[in-house]
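Here are some short exercises to work through with the structure open beside you. Try each task on your own before you read the solution.

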Amino acid sequence: MTYVPKGSAADGPYALAIDPKRAGWSYSQLRVVELEPGGTHSFTTGESEWIVLPLTGGCTVQTADGIIELLGRDSVFSGVSDFAYVPRDARIQIASGAGGRFALAGAKCERRLPARYGSAPEVPVENRGSGGCAREVRGFAAADAFDCDRLIAVEVITPGGNWSSYPPHKHDEHRPGIEAELEEIYYFEIEAHGDREGFGYQRVSPSREGGTDILAEVRTGDAVLVPDGWHGPSVAQPGHAMYYLNVMAGPGQEREWRICFHPDHTEGYR
């Protein structure tokens, strides 16, 4: 299953729950939990490290070492959020006075790092591309921005009508200094206007015989899994900005994001 429509991977308290077993791989995982005002959610981290990222609303994250307060945000389109890193082998409680929706981006890992607060002003924001390929990349847990053991996670905002994840690229082979092997999850939200919901498209094409081949129409709450293949473009409907959260992890000894661009797509900013 590479295209995951909203609700098809719900599990208990989670509107979306993608773990390595469900994905058919070894490391990357993502959960989305929705809390009513005054709601709480507790979970054990197990063999994985996690980042609690507010999508809408704020919350507190309680760990054995104390409480991390997250201001959060009104929506993913309103700006960068603060976040909390929580380690493996821990018991965590999320509580939200006003309610909200929260992403739990995770990766199976070996090292147990300390719980930490990630400040919104310290998140690197890059305006990548130009013209019809312009987009905003928020590297809150990029490999060179925030210390994790294996987890890499970023957010991307693509203006309506634009392409992102372009040129198509891949990271499904271990080639030292050139390409890193990373499993990737795309989680989407599309800007709505009143009762008009938007949509977008996500392409993944084979990088090898029998590889992943999908063109999916995506809407808020959908996800796409990328175990291999050239991924991109991500296309936003005109008039409706597209948000996606990328969650990545892999088996490499170094935590690094190294990609290879499709040789047939050389135009445009990378």
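**Exercise 1.** In this predicted model, work out how the residues lining the second largest pocket divide into nonpolar, polar and charged.

*Solution.*
Step 1. Start with the pocket itself: the second largest one has a volume of about 200 Å³. Its lining is made up of 15 residues, and those closest to the centre are Arg150, Gly250, Pro251, Gly252 and Glu254.
Step 2. Now sort the lining by class. You should get four nonpolar, four polar and seven charged residues.

**Exercise 2.** Describe the largest pocket: its volume, its lining and the strands that supply that lining.

*Solution.*
Step 1. The volume of the largest pocket is about 490 Å³.
Step 2. A total of 28 residues line the largest pocket, and Glu126, Arg128, Val137, Val154 and Trp257 are the ones nearest its centre.
Step 3. Look for strands in the lining. At least two lining residues come from each of β11 (125-128), β12 (135-141), β13 (152-158), β16 (183-190) and β21 (242-249).
Step 4. Sorting by class gives 15 nonpolar, six polar and seven charged residues for the largest pocket.

**Exercise 3.** How many cavities of 30 Å³ or more does a search of the whole structure find, and which residues line the largest cavity?

*Solution.*
Step 1. The search finds one cavity of that size. The volume of the largest cavity is about 40 Å³.
Step 2. Around the largest cavity you will find Thr63, Ala64, Asp65, Pro87, Ala90, Ile92, Arg112 and Ala115.
Step 3. By class, this lining has five nonpolar residues, one polar and two charged.

**Exercise 4.** Which side chain of opposite charge is nearest to Glu49, and which backbone nitrogen lies 2.8 Å from a polar atom of the Glu49 side chain?

*Solution.*
Step 1. Find Glu49 in strand β5, which covers residues 48-63.
Step 2. Glu49 is buried, and its nearest side chain of opposite charge is Arg255, 5.8 Å away. A salt bridge needs a distance within 4 Å, and Glu49 has none.
Step 3. Turn to the backbone: the nitrogen you are looking for belongs to Leu151.

**Exercise 5.** Repeat the search for Glu184: which side chain of opposite charge is nearest, and which side chain makes a polar contact of 2.8 Å with Glu184?

*Solution.*
Step 1. Glu184 sits in strand β16.
Step 2. This residue is buried too, without a salt bridge, and Arg128 is the nearest side chain of opposite charge, at 9.3 Å.
Step 3. The polar contact of 2.8 Å is with the side chain of His171.

Note on methods:
Residues are numbered from 1 along each chain as its sequence is written. This is a predicted model: local features need pLDDT of at least 70, side-chain atom pairs count only at pLDDT 80 or more; totals for chains, interfaces and linings use all residues. Side-chain values use heavy atoms; hydrogens and water are left out. On a 1 Å grid over the protein atoms alone, a cavity is a set of points where a 1.4 Å probe fits but cannot get out, and a pocket is an open set with protein on both sides within 12 Å along at least five of seven lines; lining residues have an atom within 4 Å of a point. Grid points are joined across faces, edges and corners, and a volume is the space filled by probe spheres set on the points. Helices (H or I, at least four residues) and strands (E, at least two) are DSSP runs, numbered from the N terminus. Ala, Val, Leu, Ile, Met, Phe, Trp, Tyr, Cys and Pro count as nonpolar, Asp, Glu, Lys and Arg as charged, and the others, Gly among them, as polar. Buried means under 20% relative accessible area, exposed over 50%, partly exposed in between (1.4 Å probe, protein chains only). Lys and Arg count as positive and Asp and Glu as negative; His and the chain ends are not counted. A polar contact is a pair of N or O atoms within 3.5 Å; within protein, one must be able to donate a hydrogen and the other to accept it, and residues adjacent in sequence count only if both atoms are side-chain atoms.
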